[in-house]
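Please look over the model shown below before reading on. The questions after it concern folds, contacts and backbone details.

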Amino acid sequence: MLRPRVIPCLLVQNGGLVKTVGFAKPKYVGDPINAVRIFNEKAVDEIFIADIDASVLNKEPDYDLIKKLAIECRMPLCYGGGVRSVEQAERLVSMGVEKVALSSAALADPTLVTRMANVVGGQSVVTVLDVRRDKSGAPVVWTHNGQRRTDQLVSDAAKLMAESGAGEIIVNSIDNDGAMQGYDLPLVAEVLAAVSVPVTALGGAGSLAHIKTLIERFGLIGAAAGSLFVFKGVYRAVLINYPSRVEKDALMAGLASNEGGPP
Amino acid sequence: MIAIIDYGVGNVAAIGNIYKRLDIPASLVGTAAGLAAADRIVLPGVGSFDWAMGRLNRSGLRPALERAVLEERKPILGICVGMQMLARGSEEGRSPGFGWIDGHVKRFEPQRGGKRTQLPHMGWNDVQPVDSADLFADLAGDVRFYFLHSYHFEAADSVNVLAVTDYNGRFVSGVRSGNILGVQFHPEKSHLWGVKLLKNFAGL
């Protein structure tokens with residue numbers, strides 16, 4: 001049985017690992033290489049590493065760091081941040097990154113997704129949709145680390161990205177980021193209904209129960225989380241953690257089919 | 001020495017790192033001399049079929065690779081697109097494959113039996129070895145590997161099927177013809193199960 005994926009999401013800034021709340025207030029939580037080593041030991045399903053400065057500051061990806069991370073990772077690595085060209089994606093994939101994540105560049109020019117997929121394969125092109133609900137509750141896509149509003153609703157953007165050749169959509173709730181109060185489930189449902197590629201939810205997971213709820217509702221889904229896997233306890237002490245295999249299997253109990261999409 | 005073919009495609013370093021931890025001699029090889037010195041070969045692959053075939057063909061390694069595999073019969077393990085390259089060709093592109101194992105690479109059906117197939121096939125799935133000796137020794141039972149692909153190998157002769165996996169129907173997740181082996185999943189990204197498989201390959 002293909003299993004839902006439980007994915008730690010690590011944010012990188014100036015070579016260090018940080019965690020944000022509502023896409024703001026980055027707090028230093030440690031060294032990324034060290035974190036990857038710990039996640040290796042914990043046998044995580046996948047890891048998503050995003051450089052939160054690269055696109056905002058118009059910087060190149062930090063290839064030295066990414067290379068070290070890729071060598072260290074005994075699990076698949078998805079990297080995002082500052083990727084704007086096919087050549088960059090090619091370089092990242094040849095360094096051992098399995099999946100390259102795009103956001104602002106893909107939304108500005110969806111043909112970039114197509115051109116990239118033609119070279120590195122659609123399975124390696126991921127688009128991240130950062131979503132903030134407006135006053136009426138409509139899910140609007142934002143870019144540049146939540147600083148620029150687009151005029152696109154999440155379902156339209158997801159459809160466009162999938163049609164352009166993206167192999168996965170990560171839907172990230174800015175409103176729920178760091179709040180640890182649970183995923184925005186209606187938001188995830190909208191994206192799943194719009195596309196037939198794998199979808200990963202990010203933003204809001206504060207407990208394994210939140211992940212269990214997500215999996216029970218949607219079945220084959222990626223459950224990504226930042227705070228949950230780097231903080232422990234009410235004082236948000238930094239402690240890298242991840243469910244054991246038994247705990248993880250319990251999150252997926254009741255799933256018995258390989259049906260794609262929502263049940 | 002295991003030669004991990006370094007043609008700018010796939011996670012050569014991660015494979016090298018695993019062999020280093022296992023204390024099994026392996027090096028990244030980008031030259032014909034390197035291939036000649038090896039006793040077995042790992043052919044990694046990611047990306048699209050044509051991109052990977054194109055890079056391999058342009059690397060200049062192909063004649064040395066053919067000699068090593070077809071004449072000297074050194075064991076070779078193709079990984080992901082590296083396994084697909086063993087086929088005659090792929091629906092994903094126009095380049096011919098090596099054609100070392102009779103078969104063609106096809107795209108998963110988007111729908112089967114009224115059920116939608118989420119594509120790509122992405123994540124951890126079970127692998128059932130047909131032959132649990134050699135490559136899959138001690139890898140029976142609850143064995144999971146990481147997959148990331150939308151195309152799969154359709155073997156012309158079932159004798160070449162080494163392992164199968166279920167994803168809205170069974171597909172071939174491992175192939176073998178003598179010294180030529182391939183796996184569709186990524187052992188270098190599959191934790192201890194992957195490490196075991198790479199170790200088994202080193203002992204073939």
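What follows is a short set of questions with reasoned answers.

This is a predicted model, in which local features need pLDDT of at least 70 and side-chain atom pairs count only at pLDDT 80 or more, while totals for chains, interfaces and linings use all residues. Residues are numbered from 1 along each chain as its sequence is written, and chains are lettered from A and ligands numbered from 1 in the order in which they are written.

Q: What pLDDT does chain A average, and over which residues does pLDDT stay under 50?
A: The pLDDT is the predictor's confidence in each residue, from 0 to 100. For chain A the average is 93, and 97% of the residues score at least 70. Where pLDDT is low, the predicted coordinates should not be read in detail. In chain A the stretch that stays under 50 is residues 258-263.

Q: What is the radius of gyration of chain A, and what does the globule rule give for 263 residues?
A: Chain A has 10 helices and 14 strands, where helices (H or I, at least four residues) and strands (E, at least two) are DSSP runs numbered from the N terminus. The radius of gyration is taken over C-alpha atoms, and the globule rule is 2.2 Å times the number of residues to the power 0.38. Chain A is as compact as a globular protein of that length, because its radius of gyration is 17 Å and the rule gives 18 Å.

Q: Which helix gives the most to the side of chain A that touches chain B?
A: Counting two residues as in contact if their C-beta atoms, placed from the backbone, lie within 7 Å, 33 residues of chain A are in contact with 32 residues of chain B. On the chain A side, α2 (63-72), α3 (86-94) and α5 (111-120) each supply at least two residues. The helix that gives the most, with three residues, is α5(A).

Q: Which residues of α2(A) are buried, and why do they lie on the same side?
A: A residue is buried if 20 or more other C-beta atoms, placed from the backbone, lie within 10 Å of its own, exposed if 12 or fewer, and partly exposed in between. The face of α2(A) turned away from the buried side carries the exposed residues Tyr63(A) and Asp64(A). The buried residues are Ile66(A), Leu69(A), Ala70(A) and Glu72(A). They lie on the same side because the directions from the helix axis to their C-beta atoms cover an arc of only 165 degrees.

Q: Which residue of β9 in chain B stands opposite Tyr146(B)?
A: Six of the six residues of β11 (residues 144-149) of chain B are buried, so this strand is largely enclosed by the rest of the structure. Strands pair if DSSP finds at least two bridges between them, and β9 (residues 121-126) of chain B pairs with β11(B) in the antiparallel sense over six bridges. Opposite Tyr146(B) stands Trp124(B).

Q: Where is Lys25(A), and what is its phi?
A: Lys25(A) is in strand β3 (residues 24-30) of chain A. Lys25(A) is exposed, with 10 other C-beta atoms within 10 Å. Most residues other than glycine have a negative phi. The phi of Lys25(A) is positive, near 50 degrees.

Q: Which two residues does the cis peptide bond join?
A: Pro120(B) is found in the loop between β8 (115-116) and β9 of chain B. The bond has an omega of about 0 degrees, and the residues that it joins are Leu119(B) and Pro120(B).
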